[in-house]
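This report introduces a single protein chain to a reader new to it. The sequence and the structure are shown first, and an account of the fold and the ligand site follows.

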Amino acid sequence: MADYPHTSALMARGAAFLGSETAILCGAMSWVSERNLVAAISNAGGFGVIACGAMTPALLDAEISATRALTTKPFGVNLITMHPALFELIAVCAKHGVGHVVLAGGIPPKGSIEALKEAGAKVICIPPTLALAKKYLRSGADALVIEGSEAGGHIGPVSTSVLVQEILPSLRDEALVFVAGGIGRGEMIATYLEMGAAGVQLGTRFAAAVESVAHPAFKKAFFRASAREAVASVQIDPRLPVIPVRALKNKGTEEFTAKQLEVALLLDQGSIEMGEAQLRIEHYWAGALRRAVIDGDVENGSLMAGQSVGMVTREEPVADIIAELMGDCEAALRH
Ligand SMILES: Cc1cc2nc3c(=O)[nH]c(=O)nc-3n(C[C@H](O)[C@H](O)[C@H](O)COP(=O)(O)O)c2cc1C
């Protein structure tokens, strides 16, 4: 991009890989990253990614077609590795010639990277450690996203600032590494680019954009919240596993704590079996993100948001957000 020479130079590798003007990805957000937001991001020079989430292959098929109708620019698809129909979803991406597929949510099952590459897609993986980053690259991943615990949604235990120090110095020359988690401003993008990142991925900053279909009440919760309200869910009992999710505090997050205590007590009393107890915890949040994003139930739904939510203060068009990020990054690099 002509207006941002320093930034564009540092983003050149990442942008060439994505086929976009900037190396700014909008990370897939279930229910939020659908045709409208994805197309808007790609049309504005970023790289949009459809969140497949729990969609069936037929729904993904329709979503890809609908997105194509809204943009001629490249975009990707994010598949959750534990989806029971993963290989059918891969076939849908192959049918549409999707250029980039992000495999999220754990170690990609045997044959999944190979199947995507056979279909001509570039594969992006999300390693939580340097050892797994190297393993994914050996297995054929074309690029990596490293995501720290400041991010919204499901998170690992390590912060972005530590992950980038552990992973970028080892891999920046040989691999394309995009950095995610807690990025709210362009100055931060400048720092990661200077450390050798190929680009960055943001979610929270884009979730409440004009083009996002999220319910007005969901967006309003974002505009009001500060960083300290975006908290990670906590496991109360070692017998009842909880995968940490960062979301805005609300009635639902409070009741989740009470629910864990209640189920632990039932276990202590021998009133329920371990399997049943774990299922009750696992099912607590079922459908909760949809309730918040689509229905606008900001009390009981899951308001997944990263700590950068404090920097989201109003509804802005995606193009303005990208222009601001690029402008601030450029100014930082010029200094
Ligand atoms: C509401 C919401 C839903 C998300 N859903 C997904 C998802 O389905 N798959 C995924 O890989 N990441 C998901 N994420 C993570 C984002 O793709 C992205 O990596 C993250 O938001 C980046 O950190 P940031 O929120 O600090 O910008 C989600 C994040 C949010 C805020």
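In this predicted model, 63% of the contacts in the chain with a separation of 6 or more are between residues 24 or more positions apart. Buried residues make up 48% of the 335 residues. For a chain of 335 residues, a compact globule would have a radius of gyration near 20 Å, and the value of 19 Å for this chain therefore agrees with that expectation. Along the principal axes, the C-alpha atoms fill a box of roughly 65 × 45 × 40 Å.

The chain contains 14 helices and 11 strands. A barrel is closed by 8 strands in the order 1-2-3-4-5-6-8-9, with parallel pairing. From one strand to the next, the twist averages 25°. Within the barrel, strand 2 and strand 3 pair in the parallel sense over 3 bridges, and Val49 stands opposite Gly76 in strand 3.

Helix 1 lies across several strands, among them strand 2 and strand 9, and runs at about 65° to strand 9. The table lists helix 1 and some of the strands that it crosses.

| Element | Residues |
|---|---|
| Helix 1 | residues 5-18 |
| Strand 4 | residues 100-104 |
| Strand 6 | residues 143-147 |
| Strand 8 | residues 177-180 |
| Strand 9 | residues 199-202 |

The ligand is surrounded by 28 residues, of which the closest are Gly27, Gly152, Gly153, Gly203 and Gly306. Strand 9 and helix 9 (204-207) are the elements that give two or more residues to this shell. Helix 9 gives the most, with 3 residues. By type, the shell comprises 12 nonpolar, 13 polar and 3 charged residues.

Methods: Residues are numbered from 1 along each chain as its sequence is written. This is a predicted model: local features need pLDDT of at least 70, side-chain atom pairs count only at pLDDT 80 or more; totals for chains, interfaces and linings use all residues. Two strands pair if DSSP finds at least two bridges between them. Helices (H or I, at least four residues) and strands (E, at least two) are DSSP runs, numbered from the N terminus. Axes are lines fitted to C-alpha atoms, for helices over the stretch in contact, and angles run from 0 to 180 degrees between N-to-C directions. Two residues are in contact if their C-beta atoms, placed from the backbone, lie within 7 Å. A residue is near a molecule or strand if its C-beta atom, placed from the backbone, lies within 6 Å of it. Ala, Val, Leu, Ile, Met, Phe, Trp, Tyr, Cys and Pro count as nonpolar, Asp, Glu, Lys and Arg as charged, and the others, Gly among them, as polar. The radius of gyration is taken over C-alpha atoms; the globule rule is 2.2 Å times the number of residues to the power 0.38. A residue is buried if 20 or more other C-beta atoms lie within 10 Å of its own, exposed if 12 or fewer, and partly exposed in between; C-beta atoms are placed from the backbone.
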